[in-house]
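Please load the model in your viewer with the cartoon drawn and side chains hidden, so that each selection below can be switched on in turn. The tour begins in the interior and works outwards from there.

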Amino acid sequence: LLQGVVDSGGAPARLRAWLVSQQRKHRLQWPRRGTVSFGDLRRVTPISAKFGLDRGRAIDRYYIERFLQENALDIRGRCLELGDAYYITTLGGDRVTQADVLHVVAGNPEATIVADLTNAPHIPSDIFDCIIFTQSLQMIYDMPAALKTLHRILKPGGVLLMTTSGISKVGRRLGRDDWGEYWRLTAQGVEALFADHFPGADAKVVPYGNVLAATAYLQGLALEELEPAELDYVDPDFEVIVGARVMKALTP
């Protein structure tokens, strides 16, 4: 009961501080301090350094695809995706009239647009009904400039479907990969960014994950090693993935 009151945060701050002091004094934690068994997780290197891809499917992809499936009806009309058109094709179906693929450098055979989103005046304004923008914002140093471009090229009433990493290992580094990875964002941070750069938009930001999913993902365990209920439980204090559905305002 004492642990529940402390964890809930519902009690006044002074009461919580006193309860915590009593927990420490009388060793009332549960499980008792010193009795937690780390098992295979008592290690300073992850079980897999490849996001679990050598063991099965990556845990983050479960949340990314769940978010996109929940918003699949927004994938319609003229759509843009980065790198390839996989999600446009698999989730958009016959609602899509044109699929475009953006890549930052020339050479991608699937790319219909070569552009750096931080500086892309050659992309016309107000042309896309939907933009799928998964796991990319954290790899762009100048996030405001990229968001400004995304807002400009999206039609009024068009929808941006974005996901970004919360709790995660670093995936890319300059000097080792073609580009780096600069940021980790919270749902609160994503809400603030879109409030600033998508004025008047209808934005819904949702976190996915919990402490078990985050621990498993950091250790490089695979999706198949967790139960659905363990993946689906959402604890907003442990955001593995943050998704945002942002509808551009119909009028400036």
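Begin by selecting Ile123, Phe128, Ile131, Phe133, Leu160 and Phe194 as sticks: in this predicted model, these are the residues that touch the most other members of the largest nonpolar core, a set of 31 residues. The elements that contribute two or more residues to this core are E4, H5, E5, H6 and E7, and H5 gives the most, with five residues. A second core, separate from this one, has 30 residues, including Ile64, Ile88, Tyr208 and Ala214, and giving it another colour will keep the two sets apart on screen.

Now centre the view on Leu160 and display its surroundings. If neighbours within four places in sequence are left aside, Leu160 is in contact with Ile131, Phe133, Leu150, Leu154, Phe194, Phe198, Ala244, Arg245 and Val246. Among these, Ile131 deserves a separate selection, since Leu160 is its bridge partner in E5.

Next, extend the selection to whole strands. Strand E4 covers residues 128–134 and strand E5 covers residues 154–165; the two run parallel and are joined by six bridges. Elsewhere along E5, Thr163 stands opposite Thr134. To see how the chain gets from one strand to the other, trace the backbone from E4 through H5 to E5, a β-α-β crossover that is right-handed. On E5 itself, ten of the twelve residues are buried, so this strand is largely enclosed by the rest of the structure.

Add E7 to the display, where the direction of pairing changes: E5 and E7 run antiparallel and are joined by seven bridges. One place to look is Ser165, which stands opposite Ile241 in E7.

With these strands in view, select the whole sheet. Which order do its strands follow? The sheet is open, its seven strands are arranged as E3-E2-E1-E4-E5-E7-E6, and the pairing is mixed. The edges are taken by strand E3 (113–114) and strand E6 (202–208), each of which has a single partner strand, so one side of each is left without a neighbour in the sheet.

Now bring in the helices that lie over these strands. Helix H3, residues 59–70, lies across E4, E5, E6 and strand E7 (241–247), and runs at about 20° to E7. Helix H6, residues 187–197, lies across E5, E6 and E7, and runs at about 25° to E7.

Helix H5, residues 143–153, is the next stop, and colouring by accessibility is useful here. It is mostly covered, with eight of its eleven residues buried; these are Met143, Ala145, Ala146, Leu147, Thr149, Leu150, His151 and Ile153. What do the buried residues of H5 pack against? They pack against strand E1 (77–82), E4, E5 and H6.

Within H5, select Thr149, a polar residue to examine in detail. Thr149 counts as buried because its relative accessible area is 7%, which is under the 20% cut-off. A polar atom of its side chain lies 2.6 Å from the backbone oxygen of Leu117. Residues up to four places away in sequence not being counted, Thr149 touches Leu117, Thr118 and Ala120.

Two loop residues on either side of E4 make a final pair of stops, and both call for a look at the backbone torsions. Most residues other than glycine have a negative phi. Asp126, in the loop between E3 and E4, has a positive phi, near 55°. Gln135, in the loop between E4 and H5, also has a positive phi, near 50°. Is each of these residues buried or partly exposed? Asp126 counts as partly exposed, at 38% relative accessibility, whereas Gln135 is buried, with a relative accessible area of 11%.

Finally, zoom out to the full chain. The protein has eight helices and seven strands, and its C-alpha atoms fill a box of roughly 65 × 40 × 35 Å along the principal axes. Of its 252 residues, 42% count as buried. Among contacts between residues at least 6 apart in sequence, 69% join residues at least 24 apart.

Conventions
Residues numbered from 1 in each chain as written. Predicted model: local features only at pLDDT ≥ 70, side-chain atom pairs only at ≥ 80, totals over all residues. Heavy atoms only, no water. Pairing = 2+ DSSP bridges. Helix = DSSP H or I, 4+ residues; strand = E, 2+ residues; numbered from the N terminus. Contact = heavy atoms within 4.5 Å. Axes fitted to C-alpha atoms, helices over the stretch in contact; angles between N-to-C directions. Buried < 20%, exposed > 50% of the residue type's maximum accessible area, 1.4 Å probe, protein only. Polar contact = N/O pair within 3.5 Å; in protein donor to acceptor, adjacent residues only side chain to side chain. Right-handed = clockwise from strand over helix to strand, strands pointing away. Core = buried A, V, L, I, M, F, W, Y, C linked by side-chain atoms within 4.5 Å.
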